[in-house]
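Biologist: I'm new to this one, and I'd like to learn how to read it. Could you walk me through it, feature by feature?

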Amino acid sequence: MYEMFKMKNPDAVYDGKYYQNLIKSYYKKDQKFKTTLRWVMEMVRPKQGEKILELGCGRGTYGTESSKYGAEPTFMDSSAAAIEVTKKIFEKNGKGKARFIVGDCTSDQTYGKIEKNQFDKVLCIGMVEHI
């Protein structure tokens, strides 16, 4: 159904080097990064116990930040390298527990890994330009 949107091999484009650079940029936290993060958190308003899905998580910025408000993030990305980066960043900067799913958001198989109506909020920020 969504064949035209599927990436053939996301790890070929977004390899380990790409994600290592994302880790570095996460810790730089320049003014643009801080402003964007603040705006997103103001819109999302994460709350204690909320279940939040960060779809196309990349480095997991918004789910990690949501965890600091008590939310329980689930990170999903089609790239295993992205999920590994997200795990590292979450372990150092997140709070509480999190789930990590390698999966294509257009695939019925991926949605078999999550329960229906499981999330209070779904974030998909900065992903569209990568598909």
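Modeller: Let's begin with burial, keeping in mind that this is a predicted model. Of the protein's 131 residues, 43% count as buried.

Biologist: And what does the outside look like in numbers?

Modeller: The accessible surface of the protein comes to about 8,100 Å². Carbon and sulfur atoms make up 53% of that surface.

Biologist: How many helices and strands does the protein have?

Modeller: It has six helices and four strands. Read from the N terminus on, the elements go α-α-α-β-α-β-α-β-α-β.

Biologist: How do I read whether a chain's contacts reach far along the sequence?

Modeller: Take the contacts between residues at least 6 apart in sequence, and ask how many span a long stretch. Here, 60% of those contacts join residues at least 24 apart.

Biologist: Can we zoom in on one strand? Which strands does β1 pair with?

Modeller: Strand β1 covers residues 51-55. Five bridges connect β1 with strand β2, residues 72-77, and the two run parallel. For instance, Glu54 has Phe75 of β2 as its bridge partner. β1 also pairs with strand β4, residues 121-123, over three bridges, again in the parallel sense. There, Leu53 stands opposite Val122.

Biologist: What lies between β1 and β2 in their β-α-β unit, and which hand does that unit have?

Modeller: Helix α4, residues 61-67, joins β1 and β2 in the unit, and the unit is right-handed.

Biologist: Is β1 mostly covered or mostly open?

Modeller: Mostly covered: four of the five residues in β1 are buried. Ile52 sits in this strand. Ile52 counts as buried because its relative accessibility is 0%, and the cut-off for buried is under 20%.

Biologist: Which residues does Ile52 touch?

Modeller: Leaving out residues up to four places away in sequence, its contacts include Val44, Pro46, Ala71, Pro73, Phe119 and Leu123. Distance in space is worth checking too: Ile52 and Gln118 lie 66 residues apart in sequence, yet their C-alpha atoms are 8.8 Å apart.

Biologist: What about the backbone angles? Which residue has a positive phi although it is not a glycine?

Modeller: That's Arg45, with a phi of about 50 degrees. Arg45 is found in the loop between α3 (31-44) and β1.

Biologist: Is Arg45 buried or exposed?

Modeller: Exposed, because its relative accessible area is 56% and the cut-off for exposed is over 50%.

Conventions: Residues numbered from 1 in each chain as written. Predicted model: local features only at pLDDT ≥ 70, side-chain atom pairs only at ≥ 80, totals over all residues. Heavy atoms only, no water. Buried < 20%, exposed > 50% of the residue type's maximum accessible area, 1.4 Å probe, protein only. Contact = heavy atoms within 4.5 Å. Pairing = 2+ DSSP bridges. Right-handed = clockwise from strand over helix to strand, strands pointing away. Areas by Shrake-Rupley, 256 points an atom, 1.4 Å probe, with all protein chains shown as cover.
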